[in-house]
Every structure is written in structure tokens, then in C-alpha cells.
Amino acid sequence: MSARQWLLLALLSVLWGGAFFFVEVALVALPPSTIVFARLAIAAVALLAVVRLAGLALPRGWRAWLPFALLGLVNNALPFSLITWGQQSITGGLAAILNATAPLFTVLLAHVATDDERLTPGKLAGVLLGLAGVAVLVGPDALAGLGDAVLAQLAVLVAALCYAVAGLLGKRLRAHPPPVTATAMVTCSALLMLPVAAWLDRPWLLPVPGPEAVGAVLGLALLSTVLAYLIFYRLLAGAGATNALLVTFLIPVSALLLGAGLLDEPVDAPQLAGMGLIGLGLVAVDGRAWRYLRGLRGP
């Protein structure tokens, strides 16, 4: 990946890292399906405005919308619902570890389903190093919950698998500009979640949420969805599914650095070690360092 793509990946990790925090705040006042629907509906309206302002055209005809509906199901409606439901029973830290399995699923699926993202020893080693780094960085307190709330943990793992599938599906839509792909997908996702939220939560009967919950939902919609997907689909088109989903390794790192920089939270040795492992994993997946070292050794 280029330096610009690495910077976009880092920014994306901050935007999606904030989603775990926003979900925890919103769950105090709102049920999971309502949070997911509100997030997607607000994001869809904002993205439609972006497309209009950019002078872009959305797909025409129901057949053209079918791939976006499928992508909306596996990339938004299903994983958002699973993670939000799972976070009722497990911590955000453990959810981040389980969510970080997405690149591992992606590497394996991409090897089978694509010709340009084949599995290499470097990629596999990099993904495993990154996953180990996330576990070390988040720490033993989060791992202590491993084994409890099994269904909640399985839900987050299935969500990670959904993200891997969605990354590969998204590659097939790279002929469309990123704002169009994001808008069509999120619009379909909101329509899919409307009957689910209405049936499960009956949101019209819920108490009016307070400003913290409203702010959390707006953060989820505008930052962790609108801006994040505009960046993600640009990365996906240029860097591929495996590289784009490396963001899940960087999400805990971003959360840690934000806490240290903005809240003066301490950074300890295990957290530094975790960041080091994640860095090694990213270097291994990127592959340029290995190619450079092989070049020094000669044929």
C-alpha cells in the first residue's frame, strides 16, 4: 500500500474504533435494533446529500440495486446487529479482539475466491501476529471474559466473518465511485433494518433518549458510518480487501492512543508490546520489507 493508503487506514481505525464507544453509550437508553436502524437511516440521508452535491448518479432499476442490497445485509444490517447485541453481554475490549479476526477470515476467503489476493506465508504470519497483538494490547482483563456469554462472542465472530465476505463483494462493485457504493449499500441496509427494529423494539413506544444517547447515535451515523465508508470503499478499490480490513487491528491501537492523548490515560508495557506485534503484522502483510530483505541477500 502507498503512504496515503496507510494514512487513510489509520484514520479509518479512529472512526471505527469510536463505534464501540458510541454503541456502549447508546445501549444505556436504546435497544440494539433501534440503534442500528437509527444509525443507518441517518447515515443514508447524509450520504444521499453527498451524492447529490457531488453530482453523481445512483444505480437505476431493481436489478442494479440487488448487489447493494446483498452488500448492505452482510456489511451493515447483520454485523451491526450482531455486534450491538453482543455488546450487551461482553466488553468492548473483548468485542474488539473478536472483531479483529476479520482479516484472518478475509485472507482465507480471498485465497479461494480471488486471483489477485492469494494466501502467502507472509500474509498469514502477518494476520496471526496482528491478532496476537490485539489480544496483548487489550489485555488479560478482556480475555478473562472469554468463555462466558458464548452466544454473544459467537455473534461478534459471525459479524467478523460477514465483514470478510462483504470486503470481497465490495471489490466487485469498485467500478462505482465510493460515494455511490456507500450510499446505495447504506440505504439498502436502513430499509432492511426498518421492519426488524419495528418488530423487535417498537421504537415509537420507547422513552425519548437523552442527549448522550442522541449524540452517540449521531456519532455512529456521521463519523463511524458516513465518513468511514467513504474512506473504506476508496481503500478497497485501491488496496484490496485484505489490506482494507487490516483496520480491525488498528482500531484498539487508535483507542489506546486517543485515551493517552486526550484523557491522559497511562500506557503500560503490555500495551506497547501489543502495538509492536500489530506493527510487525502490518509489515508482514504489506510484504515490501520482506521483498527488500530478499533483494539485499541477492538471488
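**Exercises on a predicted model**

L218 sits in helix α10. Keep in mind that the model is predicted. Let's work through three exercises together.

**Exercise 1.** Classify L218: is this residue buried, partly exposed or exposed? Then find which patch holds it.

*Solution.* Start with the relative accessible area of L218, which is 37%. Buried means under 20% and exposed means over 50%, so L218 is partly exposed. Next, look at the surface: L218 joins V214, L222, L223 and L227 in a nonpolar patch of about 370 Å².

**Exercise 2.** Find the helix that holds T181, decide whether T181 is buried or exposed, and list what it touches beyond four places in sequence.

*Solution.* First, T181 belongs to helix α9, which covers residues 178–201. Second, its relative accessible area is 2%; the limit for buried is under 20%, so T181 is buried. Third, leaving out residues up to four places away, T181 touches F68, L71, L173, H176 and Y233.

**Exercise 3.** Follow Y233 into the largest nonpolar core. Which element gives the most to this core?

*Solution.* Begin with the contacts of Y233: leaving out residues up to four places away in sequence, they are L71, N75, G170, P178, T181, A182 and M185. Now turn to the core, which has 50 residues; Y233 is among those touching the most other members, along with L12, W16, L40, V186, Y229 and F232. Elements giving two or more residues to this core include α1 (3–26), α2 (32–54), α9 and α10 (211–239). The most come from α10, with 9 residues. Finally, another core of 10 residues lies apart from this one, and F22, V23, L27 and A216 are among its members.

Key: Residues are numbered from 1 along each chain as its sequence is written. This is a predicted model: local features need pLDDT of at least 70, side-chain atom pairs count only at pLDDT 80 or more; totals for chains, interfaces and linings use all residues. Side-chain values use heavy atoms; hydrogens and water are left out. Helices (H or I, at least four residues) and strands (E, at least two) are DSSP runs, numbered from the N terminus. Buried means under 20% relative accessible area, exposed over 50%, partly exposed in between (1.4 Å probe, protein chains only). Contact means heavy atoms within 4.5 Å. A nonpolar core is a set of buried Ala, Val, Leu, Ile, Met, Phe, Trp, Tyr and Cys residues joined through side-chain atoms within 4.5 Å. Patches are made of residues with over 30% relative accessible area and no salt bridge: like charges are joined within 9 Å, nonpolar side chains (Val, Leu, Ile, Met, Phe, Trp, Tyr) within 5 Å. Accessible areas come from the Shrake-Rupley method with a 1.4 Å probe; for residues, only the protein chains shown count as cover. A salt bridge is a side-chain nitrogen of Lys or Arg within 4 Å of a carboxyl oxygen of Asp or Glu.
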